[in-house]
Amino acid sequence: MKTLLDQLDEGILIIDKSLNIRYANEFSKKYLEEPEGKTISDALHVKNISVLTENLVSSTSSEFESEFFVNNERKIFKIKVNSPIIIFRDITEIRNLGEAKMDFVNSLVHEFSSPMTVMNGYLDLLIDRKDVPEKYNDILKRVHKSTRRLSKLVEELATLSNLELQNYKPIMENINLRSLVIEIIEELENKSKRKNIEIEVSIPADFYIKTDSLLLYRILSNLISNAIKYSFDNEVVHVKIKRKEDKTNIIVKDFGIGVKPEELNRIFERFYRASNAKFFKTSGMGLGLALVKHAVSLLNAKIEVNSSYMLGTEFILTI
Ligand code: ATP
Ligand code: MG
């Protein structure tokens with residue numbers, strides 16, 4: 001058993017009743033100096049040590065991330081406590097990679113914004129001018145369509161990085177939910193018409209909800225746009241509400257391709273696209289739901305997803 005535990009790339013500690021470390025595997029000794037025999041708080045200098053010891057004493061299992069210093073180097077551990085066992089993993093690299101990605105996105109947005117503005121501006125000026133021959137006008141229009149698409153992408157990336165910095169302060173006001181949903185559907189009309197998808201809205205005309213309209217708009221427009229994108233042709237998408245005491249569930253349901261169960265817990269990650277996206281050959285960056293997740297947390301709302309592969313998907317937003 002010991003040989004087996006020593007092969008792992010995870011630290012394993014076993015604690016006795018007085019919170020002393022009785023056993024530490026090989027991996028944990030890379031990070032902790034002679035841990036065996038020490039008390040847990042002497043050996044493990046993580047930030048949330050009090051939570052950890054409380055959980056050990058009360059036998060509650062928990063999982064959290066914590067900073068940890070090894071030879072003055074900052075590490076991030078994912079720690080799982082299930083008394084009397086503690087398992088920890090070094091996730092510093094994964095974290096750094098995530099931060100590097102975000103830095104990259106931020107500079108990309110920054111570098112792209114001004115040339116995009118210039119291009120769009122000049123194209124606006126040139127299109128439909130009398131002295132531009134018809135055949136060139138058509139080409140300009142096509143170029144403009146592409147630059148606009150690119151601008152939209154840059155805008156989305158910018159919003160995502162701003163939301164991540166938590167800069168945005170929600171403004172709560174009473175908004176008419178049905179009007180907001182209709183506005184989104186109209187904006188997505190091109191997409192839904194192309195696939196002949198009908199969007200059925202079951203929301204009373206006089207239903208108001210107190211929330212930030214920009215954030216709710218972003219959430220619902222991403223959910224509805226995904227529902228269209230991952231539906232087969234000629235299908236229906238439902239947008240409806242369910243009221244529960246002081247809460248409202250806004251439900252976006254499609255009968256499309258669905259997500260495989262093993263991929264479902266990753267769809268809210270930045271840049272993650274499940275295998276169904278490849279199957280459908282749809283375009284996208286895997287940013288929509290990452291944006292949704294951040295918007296949902298800014299609203300103190302909740303989002304759940306149920307999906308069956310090949311049968312459909314339902315997102316439930318609780319506000
Ligand atoms: P983007 O939104 O950036 O244009 P995207 O739609 O691929 O690209 P997300 O909206 O973040 O990215 O969604 C992530 C992944 O989750 C999608 O690539 C797809 O695999 C899956 N997904 C999201 N919504 C649905 C849905 N309604 N039905 C099936 N799969 C979905
Ligand atoms: Mg999307």
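Buried means a relative accessible area under 20%, exposed means over 50%, and partly exposed lies in between (1.4 Å probe, protein chains only). The model is predicted: local features need pLDDT of at least 70, side-chain atom pairs count only at pLDDT 80 or more, and totals for chains, interfaces and linings use all residues. Residues are numbered from 1 along each chain as its sequence is written, and side-chain values use heavy atoms, with hydrogens and water left out.

**Exercise 1. Find the salt bridge between E63 and K78 and describe its setting.**

Step 1. Apply the rule: a salt bridge is a side-chain nitrogen of Lys or Arg within 4 Å of a carboxyl oxygen of Asp or Glu. For E63 and K78 the N to O distance is 3.8 Å, and the pair is a salt bridge. The rule gives a count of 12 salt bridges.

Step 2. Place the two residues. Strands (E, at least two residues) and helices (H or I, at least four) are DSSP runs, numbered from the N terminus. E63 belongs to strand 3 (residues 62-70) and K78 to strand 4 (residues 73-82), so the bridge ties together parts 15 residues apart in sequence.

Step 3. Check accessibility. E63 is partly exposed at 47%, and K78 is partly exposed at 29%.

**Exercise 2. Trace the strand pairing around K78.**

Step 1. Two strands pair if DSSP finds at least two bridges between them. Strands 3 and 4 run antiparallel and are joined by nine bridges. Opposite K78 of strand 4 stands E65.

Step 2. Look at the turn. The hairpin of strands 3 and 4 has two residues between the strands, and N71 there takes a positive phi near 45 degrees.

Step 3. Move to the next strand. Strand 4 also runs antiparallel to strand 5 (residues 85-90), with six bridges. The hairpin between strand 4 and strand 5 passes through two residues. The bridge partner of K78 in strand 5 is R89.

Step 4. Add a network of salt bridges that links E73, K75 and D90.

**Exercise 3. Compare the settings of the D128–K141 and R266–E269 salt bridges.**

Step 1. D128 and K141 have their closest N and O atoms 3.6 Å apart. D128 is in the loop between helix 5 (92-126) and helix 6 (134-164), while K141 is in helix 6; the pair links distant parts of the chain, 13 residues apart.

Step 2. D128 is exposed, at 55% relative accessibility. K141 is partly exposed, at 39%.

Step 3. In the pair R266 and E269, the closest N and O atoms are 2.9 Å apart. R266 is partly exposed at 37%, and E269 is partly exposed at 34%.

**Exercise 4. Is E314 buried or exposed, and which side chain of opposite charge is nearest?**

Step 1. Locate E314: this residue is in strand 12 (residues 312-318).

Step 2. E314 is buried. For charge, Lys and Arg count as positive and Asp and Glu as negative, with His and the chain ends not counted. The nearest side chain of opposite charge is K253, 4.1 Å away, and E314 has no salt bridge.

Step 3. List the contacts, meaning heavy atoms within 4.5 Å. Leaving out residues up to four places away in sequence, E314 touches I251, V252, K253, E304, V305 and N306.

How values were computed. Chains are lettered from A and ligands numbered from 1 in the order in which they are written.
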